[in-house]
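Trainee: I should be grateful for a close look at one part of this model, namely the place where the two chains meet.

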Amino acid sequence: MDSISVAKKLLGLIEKSAADAGEVYLQTTEGVDVEVRDQAVERLKNTQAAGYALRLVTGGRMAFVSSSDMRDESLERTVARGVDLAKHSTADESNVFASPSPEVSVETYDDSIDNVSIDQKVSLLKDTETLCFAYDPLISKMEGVDYSDRKTETVIANTEGLLSRRLSTSFEIGAGVVAEKNGDVENGWEGMQSRFFDKLDPPSRIASSACGKAISRLGGLSVSTRTVPVIFDRSVAHTVLAHLFQMVSGDRIASGTSMLKDRIGDKIASDLVTVVDDATLPGLPGSRPFDDEGTPSRRNVVLEGGVLKSFIFDIGTGLKSGAASTGNASRGGFRALPGVASTNYFLAAGDTAPGDIIKTTKSGLHVTSLAGWWVGINPTTGDFSSGAKGFWIENGVVAHPVKNVTIASNLLAMLSGIDAVGTDLFHRFGRVGPTFRVNEMKVGGA
Amino acid sequence: MKRRDFIKVTAKGSALAMASPIVAELIGVCPAGAAELEWSSMAGADYEIGKVLAEALSKGGQLGEVYLEETIRTGIRVSDSKIESIQLGSDRGGGVRVINDWKTGYAYCDSWESGDLKRAAGIASRIGKPGAAVTQMKASDVKAGSGRGIASYELDPSEVLADAKVRVVELADRVAREYDPAITQVRIDYRDEIKRMVVFNSDGVAVQQETPLMWLSIDLLASRGDRRAPGYVRRSAKSGFEYATEDFVRETAEEGARQAVAMLDAVDAPSGEMPVVIASGGGVVFHEAMGHGLEADGVDRGTSFYAGLVGEKVGSELVTIVEDGSIPHLRGSFDYDDEGTPSRRNVLIENGVLRGYMSDWLTANKLGIPLTGNGRRQSYMHYPLVRMTNTLVVPGTSDPKDVISQTPRGLYALRLGGGEVDTTTGNFTFGVREAYLIENGKITSPVRGATLIGNGPEILRRIDMVGDDTTFWPGTCGKGQWVPVSSGAPTLRIASINVGGTA
């Protein structure tokens, strides 16, 4: 039976049940994961999964039930169980579902998913591996080269009359290498996600980027503790964006736990900072016509010229905050509760060439790798700290690689202190930014 | 409540003989009044496991394996004293794995139907090569029931009514709020699970087990004036619902509230190299800093910093690190791993000397090392990988009080946060949720925002005091897949480590 029919059947069961309102979320996924090692397929995994989740409301109380069992008797049992479970929940006025609305068209499907052969995928990885080893004799080992693709069909239907279906593809490639020199060992990784196969970086670019990172890190030194300008390479820009996201996400706005909750319209960052979440951009990893509650996608400007413009909501957190959903409900598969998440979320490109950001830095740290940054962000206070690697910049040129240091500051201080934003924005993943510089951060060393 | 065997294998003595399909039958016994479950829908199904394995190995291979799983999970989240979400998930599926020439083919389906399993087997078999040797299939008895009692339970969480679970979260919420008026926000995450699995392979392994899992975590915020401080606590065990006693819930909530209130007075953490005393329970350091490097897949690839060092001195002789999935009821424990190998105690580092690695079927056979019971997977949708279970530093001889009093100046890391490690270099980073300064051998001001940054092999050499008070902390370890683990350690001192702070 096709997904629309199953969704309609489930909706019919909900309408017959004691539930006042309900929603069906049904997802079918297929794809492969390939890993190549020593020019042979090391692991090949085939994914073929389907399942559904229901949100059922009785007396304002909601329950969430999910199952991968699509047999008729199971569908009935899941509905009955959800209706029963809802009684135990707390009634909440924000337990509502999306109303039908006009469709937004977003390019998310690449039919080459059915045409690219497994051999082509494998040879992509073999080429990448070969190019990594050919890049430089210092490249001693591969941590792995991986490819995966998915074709996903999602159907959302609810008792408000909404019935939406979307079909999307996603492709991903990544390579990790190890460089060694005089007993010093460093690694480097590069990867990319896209909804279109031919938009993926070619093996040559993946290989040269991963190898370049590993080799450039060899011979790193620590530096003494000091406060200096810190340049965030575009490969680590997402860390600061993730920290900001925690504070503009509807969860924390609705619960009152964000320090930005009353700051709409305030200037909280430097003029150079514009942050956008936009699922309507064609073909990017977070692109989709509607979110995981069925709300149409739209472009949301979070920060514009440093001014806080908008938060990011799903229906529930929006209602609790007196705002509409921004189309940011997301689920990590059908088994997961929907929650607020970013889509294509990025720091908009500035007008300074990344090379000029380095050239105009008298003495500072150019960070190219952050370790444990997600551990070191405190959404309550805005504190940010992380282990870092990169390059020491002296008089606008690279003095030496740096390792074993920490960087620390506070998010608002960092956003206000951004004094240069690069032109090099590239949507390699869902959360990205160009190279940018923070005027000062604490660098902790030996 | 009587434990029930959820699958009864009737093809006794020749479970994996190719010609005689296994007939499995579910015996669903639900006590009166308990929630009705869907295991009974399994009844009468005919599992031609032998045929599935034959299909899996049709293009050759060293190992064919079928893994079947059914899992029921409940989750309740509380925020602002309201039940924000209540959920129930049930999954059933099967995965087929083929290993040929040490390469892995894997495919899965969301059912236990033999037709679907055979289709998955056909896809997984593509890792084989025409003409490759086919392993002779060995027959074996199915090890009936979980048997070993490492994850035994009294009350199947899926049979406990939602009312009882709601009472748990309500009690936790009340106790946390009553602890101190400064506690302004409380979020509670309650989860339970029962997982039933069967694994068959062409080596004659045939194991079934059911494993319960309980989880309670509490996120709190304390506020006083314009100061705010977070608190966090979690508890988890491979136990049934009997785990959630009133005393347990109270103790958990009080611990989270205590931490949040204590951190209200925190000052910015210092930065730079300094001695750090890690309080009992800080085993996550060893999980991250050594454990991942001792997983045999990284050793096989040569990307682990511990490759080729068995028998070498790799750390302070005060340190003995053990991996033990057989400690009853810990979060990382089980009777059998997800390849059907019994869990056991494995000494990884003994008095500073590297003794061995953790392995799964593939790495043990490929490297010629012992099978240690560390082949684990997140679910039927994942192939097994070498994973940790419960990783611990065995107790030393120092009195924990002496470890602090003999430290003139440094950081006392009472509760650690999450961490990550680069297994190639051994560099790790993790956060400290609750830390204090040590001044003149005494614990003084609480500090916030501390991060510990170091190199695993280096830190292991710098441990100069080890207490006698090992305790465990539950976690969820990610390596492309998530599995429940725990880590244990006594109070111990690292002579010098880089602390990233803002002061």
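In particular, which residue of β5(B) is the bridge partner of A:Asn46?

Mentor: The model is predicted, and the description below should be read accordingly. The bridge partner of A:Asn46 in β5(B) is B:Ala107. This pair can be placed within the pairing of β2(A) with strand β5 of chain B, residues 103–109, which runs in the parallel sense over four bridges.

The wider interface comprises 55 residues of chain A in contact with 57 residues of chain B. On the side of chain A, at least two residues each come from β2, β3, α2 (72–86), β4, β6, β15 (383–394), β16 (397–410) and β19 (436–444). Among these contributors, β2(A) gives the largest share, 11 residues. By class, this side of chain A consists of 25 polar, 16 nonpolar and 14 charged residues.

Strand β2, residues 40–58, also gives two or more residues to a contact inside chain A, on the side of domain 1 that touches domain 2. The domain assignment places domain 1 at 3–214 and domain 2 at 220–446 of chain A, and their centres, taken over C-alpha atoms, are 24 Å apart. Here 33 residues of domain 1 are in contact with 28 residues of domain 2 of chain A. On the domain 1 side of this contact, the largest share, four residues, belongs to β5(A). The residues of that side divide into 13 nonpolar, 13 polar and seven charged.

Notes
Residues are numbered from 1 along each chain as its sequence is written. Chains are lettered from A and ligands numbered from 1 in the order in which they are written. This is a predicted model: local features need pLDDT of at least 70, side-chain atom pairs count only at pLDDT 80 or more; totals for chains, interfaces and linings use all residues. Domain bounds come from an automatic or database domain assignment. Two residues are in contact if their C-beta atoms, placed from the backbone, lie within 7 Å. Ala, Val, Leu, Ile, Met, Phe, Trp, Tyr, Cys and Pro count as nonpolar, Asp, Glu, Lys and Arg as charged, and the others, Gly among them, as polar. Two strands pair if DSSP finds at least two bridges between them.
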